[in-house]
Amino acid sequence: MNTSASTIARVILAASLVGPLSTHAQDKPSAPGGGTLERIQKRGSLVVGARLDLPGVVQLNPLTNAVEGFDADIARALAARLGLSAAKVRFTEVPSASRETALNQGLVDILIGAYVITPKRRALVGQAGPYVDARAYLYVRSENRQRYKRPEDIKGKRICTTPTGTSVPVIQQNEGIFIPFEDVSACTQQVVNGTVDGKMGNDLNNLGFVKQYPDLVAADVPAMRTEGWGIGLKKDDIAFCRFTSGALKEVVSSGEWQRLWDKHFAPLGVAPQKPPVVGDEC
């Protein structure tokens, strides 16, 4: 996929067809001049940059042309607190390697979709959250599950993940052979087909794939790390960061977070999770 700014500008724009998360759009927050809040309010819509290939998290449904998943609804919850209906949320497909560029060039207002909070990313953009915690695992064909007991068992094995994924250092540190795939679905299919030995990614990202492919399972290797997901926003836009953090806290305290968890992740068989504490770092 071409990751240039011109390509990103011609991305899939899928207007949400799902109803609003609350019965009434909330009052619009004040918008300091020149910031993201002002831009959103002048435009009258929220532009969300995300991968659209993560079942249960954020995925474009080809039958309905609607973007579905837990993170998609988190974006709609944020929009409601901006005074916008769900129909005013536009999802723009952005490759992982181009997310920060798309945000900093103003092509999207926020980034969402399993966007793990890391110091490296926070050097480039702001990140509000975490709003969910995920655990990183190794996924393999079911027949190979017990071959992997420790992270070092991937030595010499072909392991795929996205080029900018947080699992890349884990693969390299344990002397696995890193196979980059921008398309998460393609990476998964290569594991199922036996072209690669495994894939690394967090559990919430892979729940939908495990359900879709019965031969795909988490290996016996324990979780390698816990990762908090955040909403990416333009660096140093303090007003918008504070608004976003406050909105996430309200999503949690109102019970909306739990409803979304039960809607999207419970049917996939994931163990119940309490929402993490949303930070105040801006």
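This tour proceeds through a loop glycine, a small set of paired strands and several aromatic residues.

The model is predicted, so local features require pLDDT of at least 70 and side-chain atom pairs count only at pLDDT 80 or more, while totals for chains, interfaces and linings use all residues. Residues are numbered from 1 along each chain as its sequence is written, and side-chain values use heavy atoms, with hydrogens and water left out.

**Stop 1: the loop at G34**

Select G34, which lies in the loop between β1 (13-15) and α2 (36-43). Helices (H or I, at least four residues) and strands (E, at least two) are DSSP runs, numbered from the N terminus. G34 is exposed, at a relative accessible area of 66%; exposed denotes over 50% relative accessible area, buried under 20%, and partly exposed the range in between, with a 1.4 Å probe and protein chains only. Next, add D237 to the selection: its C-alpha atom is 9.5 Å from that of G34, although 203 residues separate the two along the chain.

**Stop 2: the sheet**

Select β3, β4 and β5, which form an open sheet of 3 strands in the order β3-β4-β5, with antiparallel pairing. Two strands pair if DSSP finds at least two bridges between them. At the edges are β3 (53-54) and β5 (67-68), each of which pairs on one side only. Strand β4 (residues 58-60) is joined to β5 by 2 bridges, and the two run antiparallel. To inspect one bridge, select L60 and its partner in β5, V67.

**Stop 3: the aromatic pairs**

Rings of Phe, Tyr and Trp (its six-membered ring) pair if their centres lie within 6.5 Å; planes under 30 degrees apart count as stacked, over 60 as edge-to-face and the rest as tilted. The count by this rule is 6 aromatic pairs.

Select F70 and W261, an edge-to-face pair with 6.3 Å centre to centre and 85° between the planes. This pair links distant parts of the chain, 191 residues apart: F70 belongs to helix α3 (residues 70-80) and W261 to helix α10 (residues 256-264). F70 is buried at 0% relative accessible area, and W261 is likewise buried, at 2%.

Move then to F240 and F243, whose ring centres are 6.1 Å apart and whose planes meet at 20°, so the pair is stacked. Both residues lie in helix α9 (residues 238-253), where a spacing of 3 residues separates them by about one helical turn. F240 is buried, with a relative accessible area of 0%, and F243 counts as buried at 14%.

**Stop 4: the aromatic cluster**

Finally, return to F70 and W261 and add W257 and F265: these four residues form one aromatic cluster.
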